[in-house]
Amino acid sequence: MTTRTRLLLTSLAVAGTVAIGGAQSLPANSAALDAETLQHFQELLKRDTQSPPGNEIRAVEYLKQVLDKEGITYQVFAKDPQRPNLVARIKGNGKKRPILIMGHTDVVTVDAKKWTFPPFGAVRDGGYIYGRGAVDDKDNLTAALMLILRLKREATLLDRDVILLAESGEEGAPDVGAQFMADNHLDAINAEFCFAEGGGVVRRGGNVVQANVGTTEKEPRPIEIIARGPAGHGSVPSKNNAVTHLSAAVTKVANWVPPLRVNETTGAYFRKLQSMVTPDVAKVYRDVLSPDPKVNGPAAEWLLENQPSHWSMLHTSLVPTIVDAGFRYNVIPSEVKATLDVRLHPDEDQDTFLDEVRKVIGDPTVEVRWFRDRYRPAGGSRLDTEAFTVLEAQLKKHYNTVALPTMGTGATDMSNIRAKGPQCYGIGPAIDTEDGPKGYGAHSDQERILESELLRFTRFTYDLVMELARAR
Ligand SMILES: [Zn+2]
C-alpha cells in the first residue's frame, strides 16, 4: 500500500463517517471494518476462478477459513466437487421469513496479456482495486460476507434468518450453481426476499445520478434460422441458393420491430426517469408509455437510435450474431445457418413467438427453431414489498438518490431463485459511467472498482439487511 493510498483511505473513512450519520452503520471501529472489507475483497480477487473451468473451490476454501475463525457454521453443496456452493446462515427468531443474500464466486475468463495490472493481482492504484471480478461479482460477495461477519459478531437480535449464498457457475454454468441450488437444495436458501447482482448505482462526473434496482429481466433464448437448397457449382446461378435465402431472412428478422410492451417495472422506471433528464428526453419517456401507437411509435424509434438498451427494455430483441454458411468460394452449400441472440420480453408468448418470426421471414424453404429449451425464465419481483420500500430509503440515505426499478436486458441468477418464489432485487456498488467505455467495466480486459465505493456499498448492504431483519 502506498502512502498516498493510505492517506486517501483515511480521508475516505472520515468522509464516510460524516456523510452517513446513521448510528447502526457506524460502530466505533469503522476504519477497522473498512480495512477488513478491502482485505477480504483482495483475497477473493486473488483466487483464480475463471469460468470455464471455474475452480470456485478456491474461493470457497477461503470463505470457509474466514467463517471457521468466527465460529459461523456453513454447508457446502456441490454438483461438481471443484465447483461448490457455500451457504451460511445467521439465525433469527423466525417471526419473519429469511433474507437471502447472494454473490457468485466465479468470474469470466481473461486474456492476461491485455491486462496492465495482473488479472488476479488485486492491485491497488490511485483509489482503485484492479482485478477480474472487481465489479462482477466479488464486490457483492465481499459485501455479503462482511454482513454475515458483523451480524455474528454483534450478536444482533433478528426477526428472521439471514442467509449467505456464495454460488458457483454464474458465468454460463448455472446447472452447477444457482439452478442446482434452487432445484435441489431450496430448503437451504429459501427466503422471502433476496438480494444479488443485477442492479447498481450510476455515477457520472463523480456524482451519483441514479440507482438501478433489478426487479425483472429478459429471458435469453437464442434461435436458429436454417436455409436449405440444392448444392451446386458456384459458376452457375441458382434461384434456390441457400445463402441468398438465409441472407434475406436474417435481414428481415433483424429489421423487424416486435410489439412494444410495458410492464410494472418498466412503467415505473420510465416514469421516474422523466424527472431526472432534460425536457426533450423526458417527453420521449412519457410518449413511449402512451397506449397510442402514433405517440409511442416515434418515441420507440428514437430510443432504438439513441438509447438502444432502453429500447431493449420495451421489446423482445433479435440480434444476428453467428452466420455459418459455406466452405468454398466455388461451391453453393446445401445447408446454411444463422444464430440470433434473442432476448424475450417477460410478457412474450413463447408458444407463438416462432410463428411470428416465420411470418416475418415469409419463406417456406427457411426453417426457424429454438437453439435450446427454456432454462432461465425471467420472473419478476413486486414493487409493493417491504424490501423495496427499505431499499428506497437506504439508497436515499447512502447515495441520496432514487431507486429505479429496472428490467435487465441480460440475465442474472435471480431468475433461478425468483422461479421458486422469493422476491429478488438486484443491487450493486456505484460505478462511473465513464469507466466502461475506457475499458474498465465488467468482462473487460481490465476491471476495477473505486475502493471508496466498495466500502460504501458494504455499509449500504449491512444497513439494508439490518433494517429488514433486526428484531422490532
Ligand atoms: Zn456477475
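**Helix packing, sheets and a disulfide in a predicted model**

Helix α2 (residues 30–46) packs against helix α3 (residues 57–70) at an angle of about 150°, and their axes lie 9 Å apart. Here, axes are lines fitted to C-alpha atoms, for helices over the stretch in contact, and angles run from 0 to 180 degrees between N-to-C directions. The helices and strands themselves are DSSP runs (H or I, at least four residues, for helices; E, at least two, for strands), numbered from the N terminus. This is a predicted model, in which local features need pLDDT of at least 70 and side-chain atom pairs count only at pLDDT 80 or more, while totals for chains, interfaces and linings use all residues. Residues are numbered from 1 along each chain as its sequence is written, and side-chain values use heavy atoms, with hydrogens and water left out.

Back to the helix pair: α2 and α3 are therefore roughly antiparallel to each other. On this scale, angles under 35 degrees count as roughly parallel, over 145 as roughly antiparallel, 65 to 115 as roughly perpendicular and the rest as oblique. The crossing of α2 and α3 is right-handed; a crossing gets that name if the near helix is turned clockwise from the far one by less than a right angle, and is left-handed if anticlockwise. On the α2 side, the contact is made by Q39, H40, E43 and L44, and on the α3 side by A59, Y62, L63 and V66. Contact means heavy atoms within 4.5 Å.

The loop leading up to α3 has some backbone features to look at. P52 sits in the loop between β1 (50–51) and α3, and the peptide bond joining S51 and P52 is cis, with omega about -5°. The next bond along, from P52 to P53, is cis as well, with omega near 5°. P53 also belongs to the loop between β1 and α3, and so does N55. N55 has a positive phi of about 50°, although it is not a glycine.

Next come the strands. Strands of a sheet pair through backbone hydrogen bonds, either parallel or antiparallel. For the pairs described here, two strands count as paired if DSSP finds at least two bridges between them. Strand β3 (residues 85–90) has five of its six residues buried, so it is largely enclosed by the rest of the structure. As for the cut-offs, buried means under 20% relative accessible area, exposed over 50%, and partly exposed in between (1.4 Å probe, protein chains only). β3 pairs with strand β2 (residues 74–77) in the antiparallel sense over four bridges, and Q75 stands opposite V87 in β3. β3 also pairs with strand β8 (residues 162–167), again antiparallel, this time over five bridges. Here L86 has A166 in β8 as its bridge partner.

Another set of strands forms an open sheet of three, in the order β6-β7-β22, with antiparallel pairing. Its edge strands are β6 (123–125) and β22 (448–450), each of which pairs on one side only. From one strand to the next, the twist averages 25°. Strand β7 (residues 128–130) and β22 run antiparallel and are joined by three bridges, with Y128 opposite L450 in β22. Helix α16 (residues 451–469) packs on this sheet and touches β6, β7 and β22, its direction making about 70° with that of β22.

Just past this helix, R470 is found in the segment after α16. R470 has a relative accessible area of 25%, so it is partly exposed. Leaving aside residues up to four places away in sequence, R470 touches L157, L158 and D159. R470 and R328, on the other hand, are 142 residues apart in sequence and 68 Å apart in space, C-alpha to C-alpha. On the other side of β22, H443 lies in the loop between α15 (436–440) and β22. H443 has a positive phi of about 70° although it is not a glycine, and at 45% relative accessibility it counts as partly exposed.

Finally, the structure holds one disulfide, meaning a pair of cysteine sulfur atoms within 2.5 Å. This disulfide joins C194 to C424, with 2.1 Å from S to S. The link ties together distant parts of the chain: C194 is in strand β9 (residues 193–196) and C424 in strand β20 (residues 423–426), 230 residues apart. With 115° about the S-S bond, the link of C194 and C424 is right-handed. Both cysteines, C194 and C424, are buried.
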